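Got your viewer open and a selection tool ready? Let's walk through this one stop by stop, picking residues as we go.

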Amino acid sequence: MDDHSIASTSYGALDVTVINATNIKTSSSLRILRLLCVVECAGARFKTKSKRGRSNPTWSQSGTLTFNRAIDAGETIRVSVWDKRGDGHKCMGSAAFALERLRLDARETLELDLEGGKYPGGRVTVSVKYT
């Protein structure tokens, strides 16, 4: 491992900015969505406020996931987009990657393809920094 890689076990925090999502699919192009994004890792969680609109929300909201225990570099970071409905929330898709993908103390912007929603497709953009 070089000096800029994450150690195999570490405490720390993940600073995250959820920038936007594009091409979120629904059953109807006319349907108004209330989309929000959730970022989770090692029991820590950040959730954006919901944005009302169609399929391309812009959040530009930031938060910090603080890790209160030792975590492994292989720990998974999950980013998911949800439609906030009157009868609950519906997952529109999610993406996951390993913490080890990030370089320590370096801000990175990631464009992640969403999978697992009822209507496949879409992408979410986040900016992350592991410290």
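## First stop: Leu65 and the core

Select Leu65 and show what surrounds it: not counting neighbours within four places in sequence, Leu65 is in contact (heavy atoms within 4.5 Å) with Gly12, Ala13, Leu14, Val16, Val39, Glu40, Cys41, Ala44, Arg45 and Phe46. Before you go further, know that this is a predicted model, where local features need pLDDT of at least 70, side-chain atom pairs count only at pLDDT 80 or more, and totals for chains, interfaces and linings use all residues. Residues are numbered from 1 along each chain as its sequence is written, and side-chain values use heavy atoms, with hydrogens and water left out.

Now add Phe67, Val81, Leu102, Val124 and Val126 to your selection. Together with Leu65, these residues touch the most other members of the largest nonpolar core, which has 32 residues. A nonpolar core here is a set of buried Ala, Val, Leu, Ile, Met, Phe, Trp, Tyr and Cys residues joined through side-chain atoms within 4.5 Å. Buried means under 20% relative accessible area, exposed over 50%, and partly exposed in between, using a 1.4 Å probe and protein chains only. Which elements give two or more residues to this core? They are S1, S2 (33-41), S3 (44-47), S5 (58-72), S6 (76-85), S7 (88-98), S8 (108-113) and S9. Strands are DSSP runs of E with at least two residues, and helices are runs of H or I with at least four, numbered from the N terminus. S2 gives the largest share of the core, five residues.

## Second stop: strand S2

Colour S2 next. Seven of its nine residues are buried, so this strand is mostly covered. Now look at its partners; two strands pair if DSSP finds at least two bridges between them.

- S6: the pairing with S2 is antiparallel, over six bridges. Pick Val39 and you will find Val79 as its bridge partner in S6.
- S3: four bridges join this strand to S2, again antiparallel. Here Val39 stands opposite Phe46.
- S4 (residues 51-53): three bridges link S4 to S2, running antiparallel. Leu33 has Gly53 as its bridge partner in S4.

Then click on Ala42, in the hairpin of S2 and S3. Two residues lie between the strands there, and Ala42 takes a positive phi near 50°.

## Third stop: the cysteines

Select Cys37 and Cys41. How many disulfides does a search of the whole structure find? Zero, where a disulfide is a pair of cysteine sulfur atoms within 2.5 Å. For Cys37, the closest cysteine sulfur is in Cys91, 9.9 Å away, so it is too far for a bond. For Cys41, the closest one is in Cys37, at 14 Å, which is also too far for a bond. Cys37 is buried, with a relative accessible area of 0%, and Cys41 counts as buried at 2%.

## Fourth stop: Asp15, Ser94 and Thr125

Asp15 sits in strand S1 (residues 9-22). Buried or partly exposed? At 23% relative accessibility, Asp15 counts as partly exposed. Draw a distance from its side chain to that of Thr64 and you should find a polar contact of 2.9 Å. That term covers a pair of N or O atoms within 3.5 Å; within protein, one must be able to donate a hydrogen and the other to accept it, and residues adjacent in sequence count only if both atoms are side-chain atoms. Arg107 is 92 residues from Asp15 along the chain, yet their C-alpha atoms are separated by 8.7 Å.

Move to Ser94, in S7. Ser94 counts as buried at 15% relative accessibility, and its side chain makes a polar contact of 3.2 Å with that of Arg78.

Next, pick Thr125 in strand S9 (residues 123-130). Thr125 is buried, with a relative accessible area of 11%. Beyond four places in sequence, its contacts include Thr17, Val18 and Leu110.

## Last stop: colour by confidence

Switch to pLDDT, the predictor's confidence in each residue, from 0 to 100. The chain's mean is 89, and 92% of its residues reach 70 or more. Over residues 1-5 the pLDDT is below 50. Where pLDDT is low, the predicted coordinates should not be read in detail.
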